[in-house]
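Trainee: Please take me closely through the packing of the nonpolar and aromatic side chains in this structure, starting from the interior and ending at the surface.

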Amino acid sequence: MSDIPDNVLGATGIGKVTGEDYESVLIPAVEAKLKANKKVRLLYHLGSSFTGFEMGAVLDDAKMGMKHLTSWERIALVSDHSMINTFARFFGHMFPCEVRIYKDAEFEEAKKWIIEK
């Protein structure tokens, strides 16, 4: 994603997100952000071209979230997928940072929130 500060990781899920996607793209991106920043903000967009997660991605997501539990400053999930949004609301309460869920049409609002000081 463009026009986001260095402490924000913007990721878009396209098609079916796999464990390999997490291991080769998302986890290294998080690790790189954490080398440069004490805290990281995540803008995770699962738009209309997103079709779901493979089990490996679900497990990698949980491991990554817990491994860096205190490293998240804010998390914004942008998705029209009601089941994913429900899970995110439930598990979002376990994070010490603020987690907000936005609809796809609210992407710009989510982006504005994730980058504000």
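Mentor: Once the neighbours within four places in sequence are set aside, Y22 is in contact with V17, I27, P28, Y44, F53, A57, D60, D61 and M64, and the model in which these contacts are found is a predicted one. Y22 also belongs to the largest nonpolar core, which has 22 residues, and it is listed there with L26, Y44, W72 and L77 as the residues that touch the most other members. Two or more residues of this core come from each of β1 (8–12), α1 (19–36), β3 (40–46), α2 (55–67), β5 (72–79) and α3. A second core, separate from that one, has nine residues, among them L43, A76, V78 and I114. As background, nonpolar side chains in soluble globular proteins tend to be buried together.

F50 offers another view of the interior: this residue of strand β4 (residues 50–53) has a relative accessible area of 3% and is therefore buried, the cut-off being under 20%. Not counting residues up to four places away in sequence, F50 touches G13, I14, G15, V17, H81 and I84; V17 is also one of the contacts of Y22. Between F50 and E73, which are 23 residues apart along the chain, the C-alpha separation is 25 Å.

Turning to the aromatic rings, the count of pairs comes to four. In one of them, F90 and F91 have ring centres 4.9 Å apart and planes at 85°, and since an angle over 60 degrees counts as edge-to-face, the pair is placed in that class. Y102 and W113 also pair, with centres 6.5 Å apart, and because their planes stand at 45° the pair is tilted. Since Y102 lies in strand β6 (residues 98–102) and W113 in helix α4 (residues 107–115), this pair ties together parts that are 11 residues apart in sequence, and both of its residues are buried.

At the surface, ring pairs link F87, F90 and F91 into a cluster. F87, found in helix α3 (residues 82–92), counts as partly exposed because its relative accessibility is 44%. F91 is likewise partly exposed, at 39%, whereas F90 is exposed, with a relative accessible area of 54%. These three phenylalanines, together with M83 and M94, form a nonpolar patch on the surface whose accessible area is about 560 Å² in total.

Conventions:
Residues are numbered from 1 along each chain as its sequence is written. This is a predicted model: local features need pLDDT of at least 70, side-chain atom pairs count only at pLDDT 80 or more; totals for chains, interfaces and linings use all residues. Side-chain values use heavy atoms; hydrogens and water are left out. Patches are made of residues with over 30% relative accessible area and no salt bridge: like charges are joined within 9 Å, nonpolar side chains (Val, Leu, Ile, Met, Phe, Trp, Tyr) within 5 Å. Accessible areas come from the Shrake-Rupley method with a 1.4 Å probe; for residues, only the protein chains shown count as cover. A salt bridge is a side-chain nitrogen of Lys or Arg within 4 Å of a carboxyl oxygen of Asp or Glu. Helices (H or I, at least four residues) and strands (E, at least two) are DSSP runs, numbered from the N terminus. Buried means under 20% relative accessible area, exposed over 50%, partly exposed in between (1.4 Å probe, protein chains only). Rings of Phe, Tyr and Trp (its six-membered ring) pair if their centres lie within 6.5 Å; planes under 30 degrees apart count as stacked, over 60 as edge-to-face and the rest as tilted. A nonpolar core is a set of buried Ala, Val, Leu, Ile, Met, Phe, Trp, Tyr and Cys residues joined through side-chain atoms within 4.5 Å. Contact means heavy atoms within 4.5 Å.
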